[in-house]
Amino acid sequence: MKPIEAVLVAHTHWDREWYLPFQQFRARLVGVVDYVIELLERDERFTSFTLDGQSVVVEDYLEIRPENQARLRALVRAGRLLIGPWYVLPDEFLTSEEAILRNLLLGQAIARQFGRSMDVGYVPDPFGHIGQLPQILRGFGIESAMFSRGMGDEGETLGAEFRWRAPDGNEVLGLWLTEHYGSFAPRGCFNPWDSDERFSAQGSRYGGRREGKAGGADADLGFAQDLIARLAARSGTGVVVLMAGSDHLAPRADLPAMAESLQHGLGSVVDLVIGSLEDYVRRVAARLTSFGIQLAAHDGEFRGSRYQNILPSVLSARVGLKQANHLTDNLITRYAEPLASAAWLIGGNDYPTGLLRAAWKPYLHNQAHDSICGCSTDQVAMEMEARYVQAQDIATAVASESLASIARRVNTHAGAEASTADTLPLLVFNPNPWPCDSIVDARVPVGEGIEQGAGFAVRGWNGEYLADAQTGGEYPCEAAQSGPPAILPDQVLRGEPHVNLCFPAEALPPMGFRVYFVSPRRDGRSDQDTPHVQVSDGMLENDRLSVSVSDSGSVDVHDKRIGRVYRGLNAFEDSGDIGDEYDYSPALDLPVLSGGTRASVRVVRAGPHVGTLRVQIPFEIPVGADYRGRRRFADATRVDVVTYVTLTSVSPYVAFRTEIVNTARDHRLRALFATSVRTDCVYAQAQFDVVRRQVAPPEPRPEWLQAPAPIWPFQGFVDASDGRAGIAVVTRGLPECECLTDEDGSVVLAVTLLRCVEWLSRDDLTTRGGHAGPPVHTPGAQCQGSHVFEYAVVPHLGTWAAGRMAQIAREYLSPPVCFAASVHPGDISEDVSLLELANGPALITAVKRAEADDALVVRLHNPTPDEADATLISRVPLGNAVMARLDETPGESLQIERGPYAVASPGAAGKPAQCRIGIRLRPKQIATVLLYPATDTPG
């Protein structure tokens with residue numbers, strides 16, 4: 001029998017920030033990389049060192065040591081210092097789908113600038129793994145995935161090597177680090193900052209002591225034999241990896257000598273070499289081929305915690321970071337990049353590559369698993385908030401300037417003349433790739449015909465009356481925390497007087513714009529012919545939905561299409577939490593439920609286009625908890641819940657904006673949605689997917705390291721349906737949900753709004769054994785102060801797919817934006833649409849310029865389990881269109897049909913669509929299309 005092949009991999013796992021802030025960890029990074037460079041240069045036997053699968057560490061290092069760039073480049077080119085393929089090691093469930101792709105795109109690009117990118121999908125420490133990761137990795141030319149956390153009972157049959165299959169059928173070689181990523185760390189590494197004698201004496205110019213455990217070579221050999229035996233027992237190929245490294249550790253300088261000594265002691269039973277993760281993958285693949293080994297397959301996610309902690313409650317730790325993450329992603333991918341693309345292809349602008357890169361980098365810095373998970377120190381959280389603000393500011397500036405550049409080309413003079421001389425042109429952009437009916441919000445400066453307290457008429461291009469604009473209101477519906485960017489005139493930004501306007505817009509052009517003209521209403525016209533929302537005390541109603549507020553403050557929604565009523569929506573539950581940033585740990589007390597005291601309700605927007613009710617629920621909860629006694633204190637604090645419930649004349653959903661001032665500690669606050677649906681599963685939007693979640697809580701697993709938790713992640717919406725009809729909850733940056741059941745067995749969706757704890761890690765939780773990190777005091781994680789939460793409920797017919805739930809969710813999350821233009825001539829005098837997605841359930845996640853080509857990137861995916869046809873209709877003349885990998889490597893050409901075709905927008909009837917491209921998508925497929933503009937296209 002062939003000997004066991006053991007690959008000894010020297011590496012470090014580098015958390016950019018965690019229990020220390022970034023700059024303190026970077027100071028240590030400089031010492032480690034200085035040492036590694038010298039070590040590799042002086043000892044050829046030290047064949048390679050892996051910088052944790054990231055490229056950002058090289059950037060961080062070279063900002064301090066720019067003089068070492070050539071030395072680093074030489075080592076990377078030689079394959080001795082491995083960086084990439086990631087920019088940062090992300091959390092996969094809290095990071096958006098596009099952020100995952102851009103992370104790989106940037107990580108590989110930076111690594112290749114230095115010579116090469118590591119060709120292994122190395123994700124050692126994220127807290128579980130998304131089901132689409134194999135398809136994503138294959139889209140970047142990577143055919144293996146190596147990880148530690150996430151394995152459940154399937155680990156007993158899969159073993160260390162298996163086929164990991166994505167929902168679309170793509171596979172990678174799955175490699176499970178059964179002994180974690182620091183398996184050989186006790187004998188292979190040391191802390192270079194533990195003492196003044198920082199580095200090993202083996203030829204180092206620093207001098208110092210020999211590092212190692214008591215017992216010397218015999219102990220090293222015994223440790224290695226035991227570890228190799230455990231690894232080999234789970235290997236189907238006989239190839240094992242010894243991970244000589246761990247968190248923030250440098251390698252032993254005498255590792256080559258140690259390996260030689262171990263090989264001598266192991267004899268012919270084991271073939272031990274110092275190598276890289278790529279060497280390990282190659283050896284596994286070679287044995288699979290030479291021995292004809294057939295591996296077992298695994299489909300979908302890894303969220304088990306049989307062998308490693310999965311730490312599920314990071315989904316709701318420091319929830320403000322999750323909301324900021326959602327907002328930042330929305331601003332960049334739904335507004336800044338598409339608008340910049342439109343300004344490039346329609347307006348003739350240069351594409352702002354540098355500015356958008358400057359937004360993506362701080363945003364991606366925050367995707368690191370210990371960062372976005374909220375399991376770091378208070379200072380780390382503060383620095384993350386600053387990065388989000390920087391990225392948001394850049395994205396908003398790009399969106400605003402792009403709209404302004406397009407507006408400068410629009411002939412607003414003709415439209416203004418068609419109405420009155422004191423008309424204000426408003427450019428309205430629809431970020432969604434299909435026509436949308438919407439209520440448009442605008443904040444316009446007072447002056448030049450726009451006066452406070454006046455009535456306003458909204459007109460079209462030809463001066464035709466469309467509707468009256470609704471003004472005022474205590475709660476203007478555009479005042480969102482995590483919705484569209486604020487494209488505001490300079491006067492409004494400076495705090496000068498302005499007027500809040502809203503008006504209905506029908507069939508806004510897909511991923512395009514229309515100009516409206518607002519002027520003072522002088523003719524007594526009113527919008528009696530347009531849809532209205534009816535508002536009364538405690539009631540809202542449009543053509544589809546009727547909304548009423550109960551005495552307890554919960555909301556009943558009547559879907560008038562089928563007569564189904566959903567009662568008791570948006571109730572609240574508060575429970576004690578004596579856990580830490582990683583895990584919820586319940587107090588012994590029963591949760592406190594809202595509804596014990598009568599709520600107050602009043603109208604704050606009375607229609608006709610937008611109706612809003614303000615609901616205030618008195619809520620008293622314990623001030624904190626006794627960690628030792630595992631009970632909440634008897635003293636209570638009042639944390640009233642104020643919710644603005646909004647229904648517009650055209651919306652298929654009810655929008656909620658909930659505000660609290662948190663004065664309590666040690667608790668978890670959730671919004672409850674009684675769906676009235678009996679089902680054994682719900683469906684949750686995920687990264688490039690919609691996944692099935694069981695309603696029943698998971699069975700206890702006494703053999704698991706951490707018991708399975710009933711909470712799970714979602715992105716966008718979670719939906720409960722009985723097949724005939726259903727209801728979904730869509731959230732802006734609230735990614736944690738649990739399924740409860742009502743007395744009648746129907747599903748109650750519990751969405752976490754706030755989770756308040758005081759320690760990075762504790763070792764006395766009932767939901768986890770031992771520490772998950774250092775016991776750092778983090779009072780900021782108590783989340784004291786003001787909070788705003790935004791979400792919507794969407795009743796629909798049929799299943800989530802039949803009810804267009806994904807499309808409706810996107811329209812709520814990414815509504816139109818408005819730009820106040822001026823009156824001037826121009827060469828555009830009609831609606832303009834950059835791109836339309838027609839025919840089927842596909843979704844678009846990216847519209848941007850290609851990284852290395854003069855092409856428009858359009859990324860779309862099919863979230864359903866069935867094949868689907870998608871049609872892209874480009875209003876920009878195209879010279880060519882090709883399918884591409886996710887890394888934008890061009891592939892096969894696509895056929896372009898040219899000539900006039902019917903378009904979805906009624907107002908655009910008769911206009912030709914220049915180019916039409918049909919694409920057949922496999923179930924769950926992610927597709928990237930490169931559209932090359934014709935050579936005579938502006939810009």
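Buried residues, meaning those under 20% relative accessible area with a 1.4 Å probe and protein chains only as cover, make up 63% of the 939 residues in the chain. This is a predicted model, in which local features need pLDDT of at least 70, side-chain atom pairs count only at pLDDT 80 or more, and totals for chains, interfaces and linings use all residues. Residues are numbered from 1 along each chain as its sequence is written, and side-chain values use heavy atoms, with hydrogens and water left out.

**Exercise 1. The whole chain**

Task: Work out how many helices and strands the chain has, and why it counts as being as compact as a globular protein of its length.

Solution:
- Step 1. Count the elements. There are 17 helices and 52 strands. Helices are DSSP runs of H or I with at least four residues, strands are E runs of at least two, and numbering starts at the N terminus.
- Step 2. Compare radii. The radius of gyration is 29 Å, and the globule rule gives 30 Å for 939 residues; the two are close, so the chain is as compact as a globular protein of that length. The radius is taken over C-alpha atoms, and the rule is 2.2 Å times the number of residues to the power 0.38.
- Step 3. Add the box. Along the principal axes, the C-alpha atoms fill roughly 100 × 70 × 50 Å.
- Step 4. Check the contacts, meaning heavy atoms within 4.5 Å. Of those between residues at least 6 apart in sequence, 77% join residues at least 24 apart.

**Exercise 2. Surface and charge**

Task: State what share of the accessible surface belongs to carbon and sulfur atoms, and how far apart the centres of the positive and negative sets lie.

Solution:
- Step 1. Take the area. The accessible surface is about 32600 Å², and carbon and sulfur atoms hold 48% of it. The method is Shrake-Rupley with a 1.4 Å probe.
- Step 2. Count charges. The chain carries 87 positive and 117 negative side chains. Lys and Arg count as positive, Asp and Glu as negative; His and the chain ends are not counted.
- Step 3. Locate the centres. They lie 2 Å apart. Each charge is placed at NZ of Lys, CZ of Arg, CG of Asp or CD of Glu.

**Exercise 3. Strand β22 and its partners**

Task: Trace the pairing of β22 with β21 and β23, and say why β22 is largely enclosed.

Solution:
- Step 1. Start with burial. β22 covers residues 555-559; four of these five residues are buried, so the rest of the structure largely encloses the strand.
- Step 2. Go to β21, residues 545-549. It runs antiparallel to β22, with five bridges. Strands pair if DSSP finds at least two bridges between them. L545 has D559 as its bridge partner.
- Step 3. Inspect their turn. β21 and β22 form a hairpin with five residues between them, and G553 there has a positive phi of about 100°.
- Step 4. Turn to β23, residues 564-576. Four antiparallel bridges join it to β22. V555 has L569 as its bridge partner.
- Step 5. Inspect the next turn. This hairpin, of β22 and β23, has four residues between its strands, and G563 has a positive phi of about 80°.

**Exercise 4. Strand β1**

Task: Find which strands pair with β1, and in which sense, parallel or antiparallel.

Solution:
- Step 1. Place β1 at residues 4-10. Six of its seven residues are buried.
- Step 2. Take β11, residues 270-275. It pairs with β1 in the parallel sense over six bridges. V9 is the bridge partner of G275.
- Step 3. Take β9, residues 239-244. It is also joined to β1 by six bridges and runs parallel. Here A6 stands opposite V240.

**Exercise 5. Loop residues**

Task: Decide whether P21, L311 and R630 are buried or partly exposed, and locate two cis peptide bonds.

Solution:
- Step 1. P21 sits in the loop between β1 and α1. Its relative accessibility is 7%, so P21 is buried. P21 touches Q379, V380 and E383, leaving out residues up to four places away in sequence.
- Step 2. L311 is in the loop between β12 and α11. At 2%, L311 is buried. Its phi is positive, about 55°, although L311 is not a glycine.
- Step 3. R630 is in the loop between β28 and β29. Its 28% makes R630 partly exposed, a class that runs between under 20% (buried) and over 50% (exposed). Phi of R630 is near 60°.
- Step 4. One cis bond runs from G84 to P85, with omega near 10°. Another joins G607 and P608, with omega about 10°. P608 lies in the loop between β25 and β26.
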